[in-house]
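Biologist: I've got a fold to get my head around. Could you walk me through what holds it together?

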Amino acid sequence: LMLRLVRGTGLRFFGRHPKHDVGQLNSSKQLPRVDEITGSISKSIKRKEWKRQPFPHSKFDSKEEIRQKRDIYLYQRSLPAPVIDAYLHGADVTVSRENTFRRWWIMDARDYTLGKLASLACRLIMGKHKPIFDRSLVLGDFVIVTNAPEINVARKSQDTKLYRYHTGYPGGLVETPYMKMLKEKPEEVIRRAISGMLPKNNLRKERMKLLRVFRTSEHPHLAEEPTIVRADLFETRSPWLEPKEAVQQVDNEGVVILDHEGNPIQDLVDNHGNTWTEEEAEWLLSEGTTMFRDPEIYGKDVPEPRTDTYGDYWKKKMK
């Protein structure tokens, strides 16, 4: 009887409700920059407060003005809560608005396989390419994916991959083949692939708001001037870090390597200021090690070798 009462009320106590998903945006209407919407905010807003903002409606507005305000209002609700200042737990520092800004990246689905696109987009959404990366905060960038129906997937996966969900009632397992999902909802294919790679916590719903998927090459975010994702993006230096000067200097005799204080490092001198002979250095290099020398062999006041370098083995080799 109790189960029937719950069913009759129309409430849903299980699974994900579709109303919590970010709706698909119209790619033909251009949207304003995010900075224009969040520029007047002086401090960080909690997610609940950000979603509870009322619709800016006035009784003197015309129908066209109300329609335009409604489009911007719905777009604002689809954005994650702005982060003006953030406390990084790992680094124990607070970063300001200049460091928490979100860039816009664009990816063409025709150039990637489904797994590769999802892994790259996941790292951008997580913000792992930023020096301010923190797992407990939403500090990632926006990612735009175009031409979703033309994503590349292996032939075997096209025939065998299934999307499953359960209604919660007996016999309510629903299975959708990959090809049918790609034909009817290509955005859902990419969205589910990226969502499955994100951490399964309360921040996943907020991070998924950074993803924008479109069926064609047109998108409403031209004002943001998105940057094309390079294949070697995560193999190069972060675009937020300024390039440092090379830690070396060139003189008439050649290249001189500098230490962390900028002083030139002399040849055959270790970190303790002890001088090595060429024979000692050549022998240690030939053995493939740079361990400390044993004072019983050389008769010099140098540190003892570490326990994990097998000092007895090197004594026998020298004899």
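Biologist: In what order do the 4 strands of the open sheet come?

Modeller: Keep in mind that this is a predicted model. The sheet is open and its pairing is parallel. Strand 7 and strand 8 (227-228) are the edges, each pairing on one side only. Reading across, the order is 7-4-3-8.

Biologist: And which residue in strand 8 is the bridge partner of I106?

Modeller: Strand 3 and strand 8 run parallel and are joined by 2 bridges. For I106, the partner in strand 8 is I228.

Biologist: Which element gives the largest share of the largest nonpolar core?

Modeller: That core has 50 residues. Several elements supply at least two residues each, including strand 3 (104-108), strand 4 (142-146) and helix 8 (186-197). The largest share is 9 residues, and it comes from helix 5.

Biologist: Which residues does I190 touch, leaving out those up to four places away in sequence?

Modeller: I190 is among the residues with the most contacts inside the largest core, along with L117 and I194. With those sequence neighbours left out, I190 touches A109, L114, L117, V145, A148 and V213.

Biologist: What percentage of the chain's contacts with a separation of 6 or more is between residues 24 or more positions apart?

Modeller: The protein chain has 319 residues, and 34% of them are buried. It holds 12 helices and 10 strands. Of the contacts with a separation of 6 or more, the share from residues 24 or more positions apart is 63%.

How values were computed
Residues numbered from 1 in each chain as written. Predicted model: local features only at pLDDT ≥ 70, side-chain atom pairs only at ≥ 80, totals over all residues. Heavy atoms only, no water. Core = buried A, V, L, I, M, F, W, Y, C linked by side-chain atoms within 4.5 Å. Buried < 20%, exposed > 50% of the residue type's maximum accessible area, 1.4 Å probe, protein only. Contact = heavy atoms within 4.5 Å. Pairing = 2+ DSSP bridges.
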